[in-house]
Amino acid sequence: MQFGPLIKFYRIQQGLTQKELANGICSVPHLSKIESNSKEANEETMGLLLERLGVNLSSITENEEQIKQLINELNEKIDYYLSDQADKVMTRLKNYEGIIPFSTNLHTYELTKYRYLIFKGALTEAKKQFELLNKQKKIFSQPQMALFSYLYAVWLLKKGNFKDADKILESIGRGSKIEISSGELLYHRALAKSSLEEPGYAIYYGKLAHEEFMEDHNFKRILHVMILLGINYSHSKIYEEAQDCFNHLIRNAEILNETKLLPEIYHNMGFLQKKLNKLQEATVFFEKSLSLQEKNTVNYLITLYSIGEVYYQVNELSKALDVFQEVNHLSKELNNRKYKILANYYLMSLEEPEKSLIYSETKVVPFLEESDGKSEELIWFYKMLSNHYRQMGRFDQAVKYIEKIN
């Protein structure tokens, strides 16, 4: 604990001048040097100053220990994804914010606060916290600097900047000294690779994260990493493993009543069934997911669109029309350009097929190429256009789209 600045804090808090506090104990210049930490006070002088302020030296030491314990507790609650309990610990920590700046826990607290804000999804506040910490990083220890970099990478992942996040996570490495669990670091590496459509790497890091979470008996994070593994097994066409993952997830999430995770699990199980061409089963899981989701959200929009695709594939065209009209309306409300364009394509395909082909080449494919890379939707459009031109005898155009797939 830095006692000089702390004495200044309590003096100002109590409305005392330096002259009033120093009277009969030491000179005003001497007190000024103590408060600025440019001169150490002897034990007797310090004791008299604290006594006049009504502050007990042992209570200050106890506060420092309490701050340290609360920081450790907050990190543990975040590790185990206990959101409500993390809120309570953070509230208790805020009671010490007046004295934390004078403690040895200052940077640890500010980094943990940054982690808490990201964990709660308060990304604007987290950005302000980043800017505050960025000014102080020159005096961070090596583990603190590694943690700061890791947290910034997690913030970038939340903002959708997957490439930069992946580079930072790669630079940290598993062997780095960092004040975060190995499972968390490996999980976010897997998440970055999954978001960059690198399923092989995502599965590799996901398995390592799963091992770490199993050792820690961190059941919520085990579910999170299994969702990630199931998705990437699906993308890699390792369907048996994907099926096992989602069956395990559904069983455990239903037992634990994980209502926040179940919509995501059901949606991805529906996606897997669709890839396996089990379209009736896919519809059941998509509808289960939709029934648990909040309306007028992006996730609701994505699941609704998936249901429309299945209806279109099984030739239930009136149902598909209704769904894509709803997708079109909701995408406008949410200002989501991707699903507005995709819904427009399907509506044209149902009502004006010839126009839909022109629209797919001039609007859909260029948009998906620019924004999504080699997404599932984009590959479907390449195949559809290649087949169309092959049937017309336009093999040059057919080959062009086949080459794009490869």
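This talk walks through one protein chain, from its overall form down to single side chains.

A word of caution to begin with. What you see is a predicted model.

Let's start with the whole chain. How many helices and how many strands does the protein chain have? The count is 22 helices and zero strands. The C-alpha atoms fill a box of roughly 100 × 40 × 40 Å along the principal axes. Now take the radius of gyration. The protein chain has 29 Å. A compact globule of 406 residues would have a value near 22 Å.

Next, burial and surface. Of the 406 residues in the protein chain, 46% are buried. The chain exposes about 21,500 Å². Carbon and sulfur atoms supply 49% of that exposed area. And contacts? Count those with a separation of 6 or more. Residues 24 or more positions apart account for 54% of them.

Let's zoom in on one residue, L74. Where does L74 sit? Its place is in helix 5, which covers residues 57–79. Is L74 buried or exposed? L74 is buried, because its relative accessible area is 0% and the cut-off for buried is under 20%. Which residues does L74 touch, leaving aside those up to four places away in sequence? They are A86, V89, M90, L93, T112 and Y116. K113 is worth a look too. L74 and K113 are 39 residues apart in sequence. In space, C-alpha to C-alpha, they are 9.1 Å apart.

On to the aromatic rings. A search of the whole structure finds 21 aromatic pairs. Take Y204 and Y205. Their ring centres are 5.0 Å apart, with the planes at 70 degrees. That makes the pair edge-to-face, because the planes are over 60 degrees apart. How do the two partners compare in burial? Y204 is partly exposed, at 49% relative accessibility. Y205 is buried, with a relative accessible area of 13%.

A second pair is Y305 with F324. Here the ring centres are 5.8 Å apart and the planes are at 65 degrees, so this pair is edge-to-face as well. Which helices hold the two rings? Y305 lies in helix 17, residues 298–313. F324 lies in helix 18, residues 317–333. The pair therefore ties together parts that are 19 residues apart in sequence. Both partners are buried: Y305 at 2% relative accessibility, and F324 at 0%.

Y305 and F324 also belong to a cluster. Ring pairs link them with Y312, Y339, Y345, Y346, W380 and F381.

Some rings have a charged neighbour. K193 lies over the face of Y201, at 5.0 Å from the ring centre. R221 does something similar with Y187. The charged end of R221 sits over the ring of Y187, 4.3 Å from its centre.

Last topic, the cysteines. A disulfide is a covalent bond between the sulfur atoms of two cysteines. How many disulfides does a search of the whole structure find? Zero. Two cysteines can still be placed by burial. C26 is buried, with a relative accessible area of 18%. C245 is buried too, at 7%.

To recap. The model is predicted. The chain has 22 helices and zero strands. Its aromatic pairs number 21. Its disulfides number zero. Thank you.

Conventions: Residues are numbered from 1 along each chain as its sequence is written. This is a predicted model: local features need pLDDT of at least 70, side-chain atom pairs count only at pLDDT 80 or more; totals for chains, interfaces and linings use all residues. Side-chain values use heavy atoms; hydrogens and water are left out. A disulfide is a pair of cysteine sulfur atoms within 2.5 Å. Buried means under 20% relative accessible area, exposed over 50%, partly exposed in between (1.4 Å probe, protein chains only). Rings of Phe, Tyr and Trp (its six-membered ring) pair if their centres lie within 6.5 Å; planes under 30 degrees apart count as stacked, over 60 as edge-to-face and the rest as tilted. Helices (H or I, at least four residues) and strands (E, at least two) are DSSP runs, numbered from the N terminus. A charge sits over a ring if NZ of Lys or CZ of Arg is within 6 Å of the ring centre and within 35 degrees of the ring normal. The radius of gyration is taken over C-alpha atoms; the globule rule is 2.2 Å times the number of residues to the power 0.38. Contact means heavy atoms within 4.5 Å. Accessible areas come from the Shrake-Rupley method with a 1.4 Å probe; for residues, only the protein chains shown count as cover.
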